[in-house]
Amino acid sequence: MLKESPPFPNLIFLKLGGSLITDKGQPNTPRLDDIKRLASELSDWFNSNNQAQIILGHGSGSFGHVPAKEFGTRSGVYDEKGWVGFLEVWQAAAKLNHIVIDCLRSAGLPALVMPPSAVVTAINKQVRRWDLTPVVYALKAGLLPVVYGDVTFDEALGGTILSTEDLFSYLALQLAPKRILLAGLEPGVWEDYPQRTRIVSEITPLNYDRYFDILKGSQAVDVTGGMASKVAQNLELIKQVPGLEVVIFSGSQPGILAQVLKGKTIGTTIKF
């Protein structure tokens with residue numbers, strides 16, 4: 001639980017999911033048109049709002065998840081082959097990040113990448129140490145800090161992968177964002193998975209049990225977890241960060257990200 005007032009009262013975290021910005025069916029294939037469109041929508045909001053404070057994160061999609069699955073990097077790194085895989089995941093994730101940063105900068109955003117592999121250490125797949133001074137300075141300077149799903153050294157496992165949600169969870173406890181926006185392909189949490197005809201508008205600790213079995217069945221094949229783990233992780237987070245709202249929505253249609261950034265209720269909201 002946070003003990004101090006949030007240092008950035010307007011702070012938003014935004015994640016661009018790996019399934020949204022890459023073609024997961026084709027290794028190392030970015031959805032360039034979508035990345036550019038999302039960057040443009042973000043830029044329009046950011047540069048027209050002098051109170052904008054945002055940390056951007058993105059997944060690794062068909063870049064990092066392919067070698068991660070092959071080498072089992074998320075579960076730990078214990079031998080020479082494992083460290084070869086560790087480096088392959090790092091290189092793949094960094095390659096996609098370069099593409100994202102180029103699109104953000106071309107759209108006029110003051111994006112500054114902070115690679116987790118260089119600044120974060122973990123223990124049992126959780127952030128252990130992270131000096132957030134550069135993140136704080138970047139926000140104070142009006143810049144846009146960017147993090148992404150990446151490999152990290154792990155005190156218990158040798159090495160592992162931290163997802164953007166893992167990073168956001170740690171950052172949220174330190175910086176207390178007002179909203180966490182999770183943009184993917186799915187328009188929210190399905191109430192009737194796998195039929196997919198009705199979206200759950202709101203999930204709280206009080207109604208979570210009603211959707212538990214549905215969420216368990218919708219677990220995506222993803223080395224860092226799918227929808228079930230995403231909801232569970234963020235339910236725990238809203239209990240610890242007063243006033244936090246988490247929004248799960250689709251960023252695949254033009255204009256949706258812009259509307260969500262402006263506060264419109266779209267998709268599924270997780271709140272206390």
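Trainee: What covers the buried residues of α2?

Mentor: The cover includes β1 (11–16), α1 (18–21), β2 (53–58), α4 (80–106), β6 (144–148) and α10 (256–261). Two cautions first. This is a predicted model, where local features need pLDDT of at least 70, side-chain atom pairs count only at pLDDT 80 or more, and totals for chains, interfaces and linings use all residues. Residues are numbered from 1 along each chain as its sequence is written, and side-chain values use heavy atoms, with hydrogens and water left out.

Trainee: What makes a stretch a helix or a strand?

Mentor: Each is a DSSP run, numbered from the N terminus: H or I over at least four residues for a helix, E over at least two for a strand. Helix α2 spans residues 32–47 and has 16 residues, so it passes the minimum of four.

Trainee: What span is expected for α2, and what does the helix reach?

Mentor: The expected span is 1.5 Å times one less than the number of residues. For α2 that gives 22 Å. From first C-alpha to last, α2 reaches 22 Å, close to that value.

Trainee: Which residues of α2 are buried?

Mentor: Ile-35, Arg-37, Leu-38, Ala-39, Glu-41, Leu-42, Ser-43, Trp-45 and Phe-46.

Trainee: Why does Arg-37 count as buried?

Mentor: Buried means under 20% relative accessible area, exposed means over 50%, and partly exposed lies in between (1.4 Å probe, protein chains only). Arg-37 has 16%, so it counts as buried. Asp-34 has 22%, so it counts as partly exposed.

Trainee: What makes Asp-34 and Arg-37 a salt bridge?

Mentor: The rule asks for a side-chain nitrogen of Lys or Arg within 4 Å of a carboxyl oxygen of Asp or Glu. Here the N to O distance is 3.2 Å. Therefore the pair qualifies. The two are 3 residues apart in helix α2, about one helical turn. An α-helix has 3.6 residues a turn, so residues three or four places apart point the same way. Asp-34 and Arg-37 also join Glu-41 in a network of salt bridges.

Trainee: How many salt bridges does the structure hold?

Mentor: There are 11. Arg-198 takes part in one with Glu-191, at 3.9 Å, and in another with Asp-192, at 3.7 Å. Both distances pass the cut-off, so both pairs count.

Trainee: Are these three residues buried or partly exposed?

Mentor: Asp-192 is buried, at 10%. Arg-198 is partly exposed, at 43%, and so is Glu-191, at 30%.

Trainee: How many cavities are there, and what makes one a cavity?

Mentor: The count is 1 cavity of 30 Å³ or more. On a 1 Å grid over the protein atoms alone, a cavity is a set of points where a 1.4 Å probe fits but cannot get out. A pocket is an open set with protein on both sides within 12 Å along at least five of seven lines. Lining residues have an atom within 4 Å of a point. Points are joined across faces, edges and corners, and the volume is the space filled by probe spheres set on them. The largest cavity holds about 40 Å³, so it passes the 30 Å³ mark.

Trainee: What lines the largest cavity?

Mentor: Glu-165, Phe-168, Ser-169, Ile-180, Leu-182, Gln-233, Asn-234 and Leu-237. The elements giving two or more residues are α7, β9 (179–184) and α9.

Trainee: What space lies in the second largest pocket, and which residues line it?

Mentor: About 160 Å³. The lining is Gln-126, Val-127, Asp-166, Ser-169, Tyr-170, Leu-173, Gln-233, Glu-236, Leu-237 and Gln-240. Elements giving two or more residues are β5 (126–130), α7 (164–175) and α9 (227–240).

Trainee: Why is Leu-235 called buried?

Mentor: Leu-235 sits in helix α9. Its relative accessible area is 4%, so it falls in the buried class. Contact means heavy atoms within 4.5 Å. Beyond its neighbours within four places in sequence, Leu-235 contacts Ile-203, Thr-204, Pro-205, Tyr-208 and Ile-270.

Trainee: How far apart in space are Leu-139 and Gln-53?

Mentor: They are 6.6 Å apart, C-alpha to C-alpha, with their places 86 residues apart in sequence. Leu-139 lies in helix α6 (residues 133–140) and counts as buried at 6%.
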